[in-house]
Amino acid sequence: MPAEETEHERTWMCWPSNRRIWGPDLVDVQDAIVSIARVIGDFEPVTMLARPEETDRLRGLLEGVTLVPAPVDDLWARDTLPNFLIRTSADGSWRLGAGRVRFNGWGKKQIHNGDVALAGIVADHLGVELIESGLVGEGGGLEVDGHGTVMAAESSWVNPNRNPGRSREDIEAALLSLLGADRMIWVEGLAGQDITDGHIDTLARFAAESTIVIDAPASAVDPGDPWAAVAARTREQVGRARTSAGQPYTLVEMTPPTAGRRHDEDFLATYMNYYVCNGAVIAPQFGDRAADARARDVLERLFRGREVVQLDIDPIAAGGGGIHCATQQQPVTGNQ
């Protein structure tokens, strides 16, 4: 699985459709998805999975976006779509593959009758092999550097609501095999506090082979906050890790907002859930002018030469997710 910052063929997204999930907030969530799709579409093609009965309406709303009919429940493309892989053929050429970890609604916490089928639908649409991992989980639960290292939180993998009876060693072997990697960095994570059981993409992200971005709550945050505690543990655990060359990682802190527009209990107020696409980084802004500016500065330094675009995605953040959760990259294939 290539790193997210390598060149993309396109970005895949999902059109949220199930009112039983979002209730009266669905329209606002859909508007936020439109904003994300339009901005990404300025930099690379976007393909949107949507229920067949909605595609006619969306053609006018999402001009330039390719629509693929599918029984979508919710917007979380990172978790329900395949992890795209590049495979080497016998003749030395490269071809696309679709790696699947089976989605079960984050441990059967949410409706997912349609979403469970999406990875197979995408593979069939592209005419590529669907490669099974034998695991239950989500793409937001793993990070790759594209050079053989995978990072994940135990809380969302070594968990009886996904993989009962399976050891960390067994799960690690399956992930490494699926993703074409040979090294694993585990952090403890945090089970039971959010629907994902502490996905790695809100705790620590690879920005380069030797650089990891970490969530770093401001000192003013209540020390009894479980998310502040898990951020401190994650920093300690990643700080002990070493690169494949045996060197410590460069750790870059991303501080969340403290004075944003919303403070709902489940609101995901973090800048960690950014998405790297061709020529740009798409990131949230929360109305905390100082924190928004700091986050932009960090991303501009990490991804030099890319435009940083910040969006108000409050309706999605209120559902516990972000821009990274709503997207999945398809890498460019060909002799690279």
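This is a conversation about reading a small sheet, the pockets and the cavities in a predicted model.

Student: Let's begin with the sheet. How are strands held together in general, and what is the strand order here?

Tutor: Strands of a sheet pair through backbone hydrogen bonds, and the pairing can be parallel or antiparallel. In this predicted model, three strands form an open sheet in the order 13-14-15, and the pairing is mixed.

Student: Which strands stand at the edges?

Tutor: Those are strand 13 (275-277) and strand 15 (307-311). Each has a single partner strand, so one side of each is left without a neighbour in the sheet. As you step from one strand to the next, the twist averages 25°.

Student: In which sense do strand 14 and strand 15 pair, and over how many bridges?

Tutor: Strand 14, residues 280-284, pairs with strand 15 in the parallel sense, over five bridges. To find the register on your screen, look for V281, which stands opposite V308 in strand 15.

Student: Which helices lie across these strands?

Tutor: Helix 2 (residues 26-41) lies across strand 13, strand 14 and strand 15, and runs at about 165° to strand 15. Helix 9 (residues 289-302) lies across strand 14 and strand 15, with an angle of about 150° to strand 15.

Student: Now for the empty space. How is it found, and what is the volume of the largest pocket?

Tutor: Rolling a probe the size of a water molecule over the atoms shows where empty space is left. Here the largest pocket has a volume of about 1,100 Å³. Its lining is made of 41 residues, and those nearest the centre are W227, E265, F267, L268 and A269.

Student: Which elements give two or more residues to that lining?

Tutor: Helix 1 (19-22) and helix 8 (226-240) do. Helix 8 gives the most, with three residues. By class, the lining of the largest pocket has 19 nonpolar, 12 polar and 10 charged residues.

Student: And what should I look at in the second largest pocket?

Tutor: It holds about 450 Å³ of space. Of its 26 lining residues, M1, P2, I86, G146 and L179 are the closest to the centre. Strand 4 (83-88), strand 8 (149-153) and helix 7 (168-179) are the elements that give two or more residues to this lining. Its classes come to 14 nonpolar, eight polar and four charged residues.

Student: How many cavities of 30 Å³ or more does the structure hold?

Tutor: There are three cavities of that volume or more. About 120 Å³ of space lies in the largest cavity, which is lined by 17 residues, with E4, E143, V144, H324 and Q329 closest to its centre.

Student: Which strand gives the most to that lining?

Tutor: Strand 7 does, with three residues. Strand 7 (142-144) and strand 10 (204-208) each supply at least two. The lining of the largest cavity divides into eight nonpolar, four polar and five charged residues.

Student: What lines the second largest cavity?

Tutor: This cavity, with about 40 Å³ of space, has a lining that includes D79, R100 and E138. Helix 4 (77-80) and strand 5 (94-102) are the elements that give two or more residues, and strand 5 provides the largest share, three residues. Its lining divides into four nonpolar, four polar and three charged residues.

Definitions and conventions: Residues are numbered from 1 along each chain as its sequence is written. This is a predicted model: local features need pLDDT of at least 70, side-chain atom pairs count only at pLDDT 80 or more; totals for chains, interfaces and linings use all residues. Side-chain values use heavy atoms; hydrogens and water are left out. Two strands pair if DSSP finds at least two bridges between them. Helices (H or I, at least four residues) and strands (E, at least two) are DSSP runs, numbered from the N terminus. Axes are lines fitted to C-alpha atoms, for helices over the stretch in contact, and angles run from 0 to 180 degrees between N-to-C directions. Contact means heavy atoms within 4.5 Å. On a 1 Å grid over the protein atoms alone, a cavity is a set of points where a 1.4 Å probe fits but cannot get out, and a pocket is an open set with protein on both sides within 12 Å along at least five of seven lines; lining residues have an atom within 4 Å of a point. Grid points are joined across faces, edges and corners, and a volume is the space filled by probe spheres set on the points. Ala, Val, Leu, Ile, Met, Phe, Trp, Tyr, Cys and Pro count as nonpolar, Asp, Glu, Lys and Arg as charged, and the others, Gly among them, as polar.
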